[in-house]
Amino acid sequence: MKASNKAPKAAEVLEERLRAKGNFVGSAPAVALYTGKGSIGLSEIRKAAERDREIRFTSLMHHITVDLLWDACKALKRNAAPGIDDMTWKEYEEVMEEKIPDLHRRLHSGTYRAKPSKRIYLPKPDGRKRPIGIASLEDKVVQQATVWILNGIYEVDFANFSYGFRPGRSQHNALDAVWSGISYRKVCWVIDADIKGFFDNIRHDVLMEFLEKRIADKRILRLIRKWLRAGVSDDGEWSKTELGTPQGAVISPLLGNIYLHYGLDQWVKEWRRTQTKGDMIFVRYADDSVAGLQYRHEATTFLEAFKLRMKEIGLELHGEKTRLIEFGRFAARDRKMRGDRKPETFDFLGFTHICSLTRKNRKFCITRKTISKKMKSKLSEIRKDLMASRHDSIHSVGKRLRSIILGYYNYHSVPGNGKSMSAFQYHISRAWLQALRRRSQKGQNMTWAKFSRYLKMWIPTPRVVHPYPNERLFVK
């Protein structure tokens, strides 16, 4: 029976009806919930936000207590790169008993000053470099505490189809929603959308306007402005930031979600409610999103409206990475009738999604395979590391390699991706053997038979880690 067009649809319907109480099986949350000493006070914020969806919070700063700052410090990554202050977590730990109360005093007296972010560049698979902003350690502590407070408000407001950087939600939950939405709704056209330079192009004035819809505490708003205006230090040279929020800052994912909640998600809900007659799904993970629609004319209209909406909030869809393709249960049949080739594929969160058929009863299903370019890039990175460390002990290399491989399997070992995982294991095995043979002239004596014992010890066999998406949704 066709669902009413006035009701929420697709991935949002599934998520609303089948949301898990806690974490999803086999998938760790991207953001942890706060359960420390101040959690009772923060839970009251959430209750107030749930009671009144229009309320503006006028008094939040007092929730930043010494205990909350202490817990925020302990929640930071121990081995994270230091910011402009060159302070590591281990060094700060030695003076925490003095620093945390002093930080608390400066925050509440108004003398706290945000430091510029230290800019570094990380290589991207296409050869370009991604700018990352590393905040000073004390800025990270205060940002983490602020995130915990604001989560109590915005987790009530955020759309069910938003998955990025939220407590209890992960990339695999977003992947499940896409798979289930396309599989169980009448989706025939898919828009794979990517926002160009999202974090670098967030308009500060628009962001503050969005924040003020829920936050009326001037001290919290002033704190966020300080981080936005702190600027960046690039190789010792300070520059002002008039746009964007640094990728790598603790607060940036939440600010990004708030920006797109008001700028995109609410707009999508209204567009779907008023402009569609057929089925429609929408799933967003940070700045990556997938929309699925039943009718081509609605998909084309939505894409054009999507582009215009992005311009209204100072953003732009990536021309090369945003595509409208025919995809879904009826795509292969309809294209065959027209004499066209097989349906195109689309990439989302590390996987290429392919229209396929089940082996047993030849029904429609979506096959997900690791994106070829990303797997090649990862293999190339591992090969370089193996060659650089070829003179290290086999035990130390094997231990490190096993950890890398297990981490890779934990993300990519989904049903239907077995061939890619087996290929990944094979190429790593060959790369390690080659590195061992290059240790010395005698290394040529390392035959495959001798090497097999190291494989059994250190190279795990790939196995499916994740259940089918519908199983993970319906079991909860």
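Which residue in β8 does W189 stand opposite? Keep that one in mind, everyone, and thanks for coming. A quick word before we look: this is a predicted model. The answer is E326, which stands across from W189 in β8.

Let's stay with that part of the structure. W189 belongs to strand β3, residues 189-194, and this strand is mostly covered, with six of its six residues buried. If you follow the side chains along β3, W189, I191 and A193 point one way, while V190, D192 and D194 point the other way. Both groups are buried. For those of you who like to look at charges, please notice that D192 and D194 are among those buried residues.

Now, who are the neighbours of β3? One is strand β8, residues 323-326, which pairs with β3 in the antiparallel sense over four bridges. Another is strand β7, residues 288-293, and here the pairing with β3 is again antiparallel, over six bridges. On your screens, you can find this second pairing by looking for D194, which stands opposite D288 in β7.

Let's move on to another sheet. This one is open and has four strands, in the order β2-β1-β4-β5, with mixed pairing. Which strands stand at its edges? They are β2 (129-134) and β5 (237-239). Each has a single partner strand, so one side of each is left without a neighbour in the sheet. Neighbouring strands here are turned by 40° against each other on average, ignoring direction.

If you zoom in on the β5 edge, you will see strand β4, residues 232-234, joined to β5 by three bridges, with the two running antiparallel. A handy pair to click on is D234 and its bridge partner in β5, E237.

Last stop, the helices. Helix α3 covers residues 66-75 and helix α5 covers residues 96-109; their axes come within 9 Å and cross at roughly 125°. How should we describe that angle? It is over 115 but not over 145 degrees, and α3 and α5 are therefore oblique to each other. Their crossing is right-handed.

And who makes the contact? From α3 we have V66, L69, W70, C73 and K74, and from α5 we have M96, E97, I100, L103, H104 and L107. Sorted by class, the contact of α3 with α5 has eight nonpolar residues, one polar and two charged.

That's my tour. Happy to rotate the model if anyone wants to see W189 and E326 opposite each other again.

Methods. Residues numbered from 1 in each chain as written. Predicted model: local features only at pLDDT ≥ 70, side-chain atom pairs only at ≥ 80, totals over all residues. Heavy atoms only, no water. Buried < 20%, exposed > 50% of the residue type's maximum accessible area, 1.4 Å probe, protein only. Pairing = 2+ DSSP bridges. Axes fitted to C-alpha atoms, helices over the stretch in contact; angles between N-to-C directions. Parallel < 35°, antiparallel > 145°, perpendicular 65-115°, else oblique. Left-handed = near helix turned anticlockwise from the far one by under 90°. Contact = heavy atoms within 4.5 Å. Nonpolar A, V, L, I, M, F, W, Y, C, P; charged D, E, K, R; others polar.
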